[in-house]
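Have a look at this protein with me. We'll start with a sheet and its helices, then visit two other spots.

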Amino acid sequence: MSSPVKVYVYDLSKGLASQVSLQLTGKQIDGVWHTSVVAFGKEIFYGPGICETEPGRSHHGSPLRIIDMGETHMDEQTFVEYLSQIKEHYTADKYHLLDFNCNSFTNDCLGFLTGGSLPPYIKDLPSDFLSTPFGAALRPTIDAMFRGRASTGVLTPPPDISATADSPIPASASSLLQAVAAGATSNNSEMPSSSRNYLPTPAPTSPPTPVQSNSLTTPVHIATNPSSFHNVLHTHRAVVAFFTSATCGPCRMIEPVFEDLAKSKSRANHVAFVKIDLSVGMSNAVGGEYGVRVTPTFILFLDGNKTHEMKGINAPELRTQVDLLLYQAFPPHPHTTLSLPAIEAIPLNAILSSQVPNLDIVLAKVTGFIDAAPSWSGSTTKEATKQILAKNIIPYLQARGSSSPPNISFEPWKDVTISLATNLSAGELFPVADMWRVALLEPAVCSWNATKVGPESPILVLLSKAEGAPRNFSLTLLRMISNAFANKIVARELLLSSRSSITALMVATLFHDDATVRLAAANLAFNMTVHLQRLRVEKVRGNVEGDDVGENEDWDIEMISALLEVIEREKANEEIVHRLTASLALLIRLSPSIEQFASLLEVLQAQKILKDKLERGGCGDTGVVKKEARKLIEEVAEKLCP
C-alpha cells in the first residue's frame with residue numbers, strides 16, 4: 001500500500017534573507033531553506049540529530065510551502081529501520097550550515113522513499129551563496145562557528161569581524177547568521193514534549209566528547225541510496241567513492257586515509273569524496289549498480305564516468321589514483337612548470353596611498369565649495385551636509401589608529417557624498433575623494449562599502465564624475481580606487497560591477513601628460529592585477545576561494561594592449577615602466593587564456609617592446625637601470641612573450 005510523501009519548506013531567516021540578500025550579496029536569495037520530510041503521518045528532519053514531530057508542530061512553526069513528492073511503496077517499519085541505520089551519520093556534531101545540513105538529510109530520505117530529490121533552488125542554495133563575494137567572505141565565519149560546535153556542543157557566536165580588512169561583514173549580517181544557525185540546530189526546547197521525539201537520542205545538554213571525524217574537518221559526503229549518489233556525481237566533476245560496511249575491519253584501517261584525502265583534496269562543486277556503507281539503507285543498490293562485491297572498494301569518477309576501481313587497503317595506490325584523477329580533471333597551468341623567480345618575487349600586496357592630509361584644511365575647502373554653490377538639491381541640505389562633514393566624517397578620520405575609534409554609522413557619508421557629487425563640479429570634488437581615499441584605509445569603512453552597489457556606492461558615485469575631470473580630481477580618484485582594491489571583497493565587487501568604468505579611467509590617465517598621474521594610474525593597474533593574481537594562485541592550489549576569479553578574456557586583451565602601448569611610450573619614468581611590467585606579468589601569468597594570448601603578444605611585438613626598455617634611450621638615456629626592474633623585464637620578455 002502506497003503512502004504520500006511531502007517536503008515541508010521553512011525559511012530560517014524568517015524573511016530577512018529576501019529583504020537584505022540583494023544588498024549584501026548582489027543576488028536575490030528568497031530564503032535560507034530548511035526542509036523536512038513528511039511521511040507516515042510524521043515530520044522528520046535533521047538538526048540536533050534526527051528529529052521527529054507531528055507535521056507542522058516543530059519549533060520552525062508552519063511551513064512556508066509544501067512540496068508534493070509523490071508516493072512511496074515502502075512500509076513504515078522499513079523506513080524506521082532505514083532511519084536507525086543512518087542515525088550514526090546524522091549526529092548533532094556533524095551538522096554544518098553549508099556542507100551537511102537538514103537538506104542533505106531530506107534529500108537522502110527522498111531518495112530512499114521515492115527515488116526523487118529536492119528542487120535545485122534548495123539544493124543549490126549553498127553554492128549560489130558562496131559564489132558571491134559576500135558569501136566567500138562569510139564562509140570562514142560559518143566554518144568557525146561549526147568547528148567550535150563540533151568540540152564544545154554549542155555554536156560559537158560569530159566574532160565581531162567588521163573591523164577585519166578581509167572580512168567585510170556588517171553586524172546585521174552577523175546577527176542574521178547567528179539567528180539562522182541557532183534555528184537550524186535548535187534543541188526544540190520550545191516544542192511541546194508530547195510532540196517531539198529524537199531519533200535515536202536527544203541532543204546533548206552538556207558538551208559531548210570531541211570526535212575525531214565530523215563533516216567539517218573531514219568533508220565526506222554520505223550516500224545511502226542511488227538517488228543521493230547520482231546527485232553527487234551530477235554536481236561534481238571528480239568523485240571518489242568509498243564502498244564500506246560496518247563489519248569490515250580493513251575498511252576501518254583505510255578510512256583515516258580516505259578522510260585525510262577528503263580533507264585536503266575536496267573542492268566545493270568540483271571534487272567530492274563519498275562514503276557508501278553497503279549495510280545502510282539502499283546503499284547495496286548503489287554497490288550493485290557498479291558491481292561492488294567486496295569491501296573496501298574505491299571507484300573514481302570523472303564527469304560521471306567511471307575511470308578506475310581498486311580494492312583493498314593499498315594507501316599509496318589510493319593517494320596516487322586520487323592525484324591522477326584530479327590531474328585529469330584539472331590539468332595544471334603550463335606556467336606552473338616554468339622557472340619565474342623575478343615574477344614570483346613580485347609582492348602580492350596592494351600599493352596604498354596612505355598619506356593623511358591636514359583634515360581641517362580639507363574640511364575648509366569642501367565647506368567653501370558648498371557655500372559657493374549657487375543652488376542645492378539632494379537628500380541633505382547645505383547645512384546638514386556641512387554638519388555631517390564636521391561632526392561625523394572628519395572626527396572619524398582624525399581618530400584613525402586610536403585604540404577606541406568612534407562607533408558611528410557610515411550611512412550619512414553615503415548621502416553626503418551623493419549630494420556633493422550632485423551639486424559640485426569634478427574640480428571641486430577632489431577633497432571629497434581625498435577623504436574617501438583616507439577612509440578606505442580603514443577596514444570598517446571597507447566592510448560597509450562592500451555592501452553598497454550601484455548608485456548606493458560612494459566609490460561609484462565619485463567614479464561617475466571621472467570623464468573629462470581636471471588633474472587634481474583624476475589623481476585623487478585614482479589613489480582612492482587603488483586603496484579600495486587593497487580589500488579583496490571590495491575589489492571583487494568593483495570588478496563585477498564597474499570593471500569597464502574603472503578600466504576606462506585607468507587607461508585614459510596612463511596617457512596623461514603628468515608623470516604623477518601616470519604613476520597613480522600604474523599603481524591602480526598593479527593593484528587590479530594583484531587581486532586577479534591572488535585568486536588565480538588560489539585556484540591553481542585548489543582552494544575554493546579561487547573559484548570566484550571573474551575571468552574576462554576581452555578585458556585581459558584590452559589591458560594587455562593598453563599596458564604594452566604605455567610601456568612603449570614611457571621614455572622618462574623608470575618606476576612607471578617597472579609597475580606596468582609587473583602588471584603585465586601578473587595579467588598573463590596563470591591566465592586560462594594563455595594560448596589565445598600567445599598570438600596577440602606576438603602581433604603586438606611584446607618581447608621587442610620590453611627589451612627596448614633595457615637599451616639606451618628606451619627609458620632615460622641608458623635604459624632601465626634598477627637591477628630588480630631589469631630582471632623582471634627580461635624574464636617577462638623571454639618567458640611569457642613569444
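## Helices on the sheet

Helix α8 (residues 226-235) lies across β7, β8 (238-244), β9 (271-277) and β10, and runs at about 165° to β9. Helix α9 (residues 249-265) packs on the sheet too, where it touches β8, β9 and β10; its direction makes about 155° with that of β9. Keep in mind that this is a predicted model.

The sheet itself is an open one with five strands in the order β7-β9-β8-β10-β11, and its pairing is mixed. At the edges sit β7 (221-222) and β11 (305-311), each of which pairs on one side only.

## A closer look at β10

Strands of a sheet can pair in parallel or antiparallel fashion, through backbone hydrogen bonds. Strand β10 (residues 297-302) runs antiparallel to β11, and six bridges join the two. Its pairing with β8 is also antiparallel, again over six bridges. On the β8 side, F243 has T297 of β10 as its bridge partner. On the β11 side, F298 stands opposite M310, and L302 has N305 as its bridge partner.

Between β10 and β11 the chain makes a hairpin with two residues between the strands, and D303 there takes a positive phi near 55°.

How many of the six residues of β10 are buried? Six of the six are, so this strand is largely enclosed by the rest of the structure. In a regular strand, side chains alternate between the two faces of the sheet. Here T297, I299 and F301 point one way while F298, L300 and L302 point the other way, and all are buried.

## Where α21 meets α22

Now for a helix pair. The axes of α21 (residues 515-540) and α22 (residues 553-569) come within 13 Å and cross at roughly 135°. That angle is why α21 and α22 count as oblique to each other. Their crossing is left-handed.

From α21, the contact uses A525, M528, T529, L532 and R536; from α22, it uses W555, D556, M559 and L563. Sorted by character, the residues of this contact come out as six nonpolar, one polar and two charged.

## N107 in helix α3

One last stop: N107, which has its place in helix α3 (residues 102-113). Is N107 buried or exposed? Its relative accessibility is 7%, and the cut-off for buried is under 20%, so N107 counts as buried. Leaving out residues up to four places away in sequence, N107 touches G116, S117, L118, K123 and N231.

Technical notes. Residues numbered from 1 in each chain as written. Predicted model: local features only at pLDDT ≥ 70, side-chain atom pairs only at ≥ 80, totals over all residues. Heavy atoms only, no water. Helix = DSSP H or I, 4+ residues; strand = E, 2+ residues; numbered from the N terminus. Buried < 20%, exposed > 50% of the residue type's maximum accessible area, 1.4 Å probe, protein only. Contact = heavy atoms within 4.5 Å. Pairing = 2+ DSSP bridges. Axes fitted to C-alpha atoms, helices over the stretch in contact; angles between N-to-C directions. Parallel < 35°, antiparallel > 145°, perpendicular 65-115°, else oblique. Left-handed = near helix turned anticlockwise from the far one by under 90°. Nonpolar A, V, L, I, M, F, W, Y, C, P; charged D, E, K, R; others polar.
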